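I opened the notebook with a short list of things to look up. Metal site, pockets and odd backbone spots were on it.

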Amino acid sequence: MLQALAITPTIGAEISGVDLTQALSQEAVAWISKQLLHYKVIFFRDQPIDTPQHLVFAKQFGELEVHPIQRKEGFPEVLVLHNDAERPPAGTAFWHSDVTWRPEPSLGSILIAKKVPEVGGDTLFANMEAAYADLDDITRVQVEGRRAIHAFEPLRQALIKRGASVEELAQYATDYPTVSHPIVRTHPVSGRKSIYVNGLFTLGIEGMSDTEAKPLLKKLFATADKPEHQCRFRWREHSIAFWDNRAAQHYATADYFPNERIMERVTVKGDRPF
Ligand code: OGA
Ligand code: MN
């Protein structure tokens, strides 16, 4: 029997009674979507799915994205996060929502652990609707109706490190110009408001000087820091996390260097934030 067991009162539930190596019924897919909406991140244990099964599972929730870098060979829709002694973990050790540099950022991400360190490399998730609800009145008024600027910049830095050519970098700049999204977004399904800026991709606020915007953004980023807004997931091999990028942020703890950790993500397309 399909069951969801909350892991904190605010965010996250472990789902049991489902075998993701098998085809799911329409009812099961609808039920999983409902849990995702409610808990913002859902976890599955002991699901030894291969890459084609990962893709089949994800496609039931929408069209899939192709990430411009970090693609798995032969599977453009799979993003690989591989860290070890040569590739120290770092890039995702910031609170963020995925691909907010896109005009239509992801609905959700489905991440599976392929190899995990004995200890460390937990992922934290924060409920950004709770963070919004918790905002003080002055800040709420300050951000009302405002839009923030999101950029591909951290990925550009990664490309530079990899030795990308000037031409390549120029092409990325053309393909992924900076975008703006409302600071407070409304969830397209639940209608609930959440804070939609993040310390990884958000660089500024439209119509505001940096001097004014930086401290405000700092305050907004820090709303994810409160333990009461969070849950923390300890991975095992074949664990899966499926999160709603429209309502939650996540943070990959970079504490396991020089050990190896391999994760694969399939990302479901979303719509334009409003
Ligand atoms: C991601 C990400 C977190 C992790 O896949 O988008 O941020 O724990 N990963 O690897
Ligand atoms: Mn991420």
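My entries follow, one topic at a time.

**Model.** I am working from a predicted model.

**Metal site.** I started with the manganese ion (ligand 2). Which protein atoms are its donors? I found His96 (NE2), Asp98 (OD) and His250 (NE2), lying 2.1 Å from the ion. I then checked how these donor residues are spaced in sequence, and the pattern reads H-x1-D-x151-H. Next I asked whether His96 and Asp98 are buried or exposed. His96 is buried, and Asp98 is buried too.

**Largest pocket.** I looked up the volume and got about 950 Å³ of space. I counted 34 residues in the lining of this pocket. Which of them lie nearest its centre? They are Gln70, Leu81, Asn83, Gly91 and Ala158. I also noted where the lining comes from: β5 (75-83), α5 (153-161) and β16 (261-268) each supply at least two residues. By character, the lining divides into 19 nonpolar, nine polar and six charged residues.

**Second largest pocket.** Here I read off about 170 Å³ of space. The lining has 14 residues, with Thr10, His38, Tyr39, Lys40 and Asn127 nearest the centre. Which helix gives the largest share of this lining? I traced it to α1 (residues 26-39), with three residues. The lining splits into five nonpolar, six polar and three charged residues.

**Backbone.** I kept the usual case in mind: most residues other than glycine have a negative phi, and most peptide bonds are trans. Then I went through the exceptions.

- I found a cis peptide bond joining Phe257 and Pro258, with omega about 5°. Pro258 is in the loop between β15 (248-252) and β16.
- Asp46 is not a glycine, yet I read a positive phi of about 50°. Asp46 sits in the loop between β3 (41-44) and α2 (51-59). Buried, partly exposed or exposed? Asp46 is partly exposed, with a relative accessible area of 49%.
- Gln70 also has a positive phi, about 65°, and is not a glycine. I placed Gln70 in the loop between α2 and β4 (71-72). The relative accessibility of Gln70 is 28%, so I logged this residue as partly exposed.

**Cross-check.** I marked Gln70 twice in the margin. It is among the residues nearest the centre of the largest pocket, and its phi is positive. I also marked β16, which supplies at least two residues to the lining of the largest pocket and borders the loop that holds Pro258.

Notes: Residues are numbered from 1 along each chain as its sequence is written. Chains are lettered from A and ligands numbered from 1 in the order in which they are written. This is a predicted model: local features need pLDDT of at least 70, side-chain atom pairs count only at pLDDT 80 or more; totals for chains, interfaces and linings use all residues. Side-chain values use heavy atoms; hydrogens and water are left out. Donors are N, O and S atoms within 2.8 Å of the metal (3.2 Å for Na, K and Ca); water is not among the atoms, so sites may look incomplete. Buried means under 20% relative accessible area, exposed over 50%, partly exposed in between (1.4 Å probe, protein chains only). On a 1 Å grid over the protein atoms alone, a cavity is a set of points where a 1.4 Å probe fits but cannot get out, and a pocket is an open set with protein on both sides within 12 Å along at least five of seven lines; lining residues have an atom within 4 Å of a point. Grid points are joined across faces, edges and corners, and a volume is the space filled by probe spheres set on the points. Helices (H or I, at least four residues) and strands (E, at least two) are DSSP runs, numbered from the N terminus. Ala, Val, Leu, Ile, Met, Phe, Trp, Tyr, Cys and Pro count as nonpolar, Asp, Glu, Lys and Arg as charged, and the others, Gly among them, as polar.
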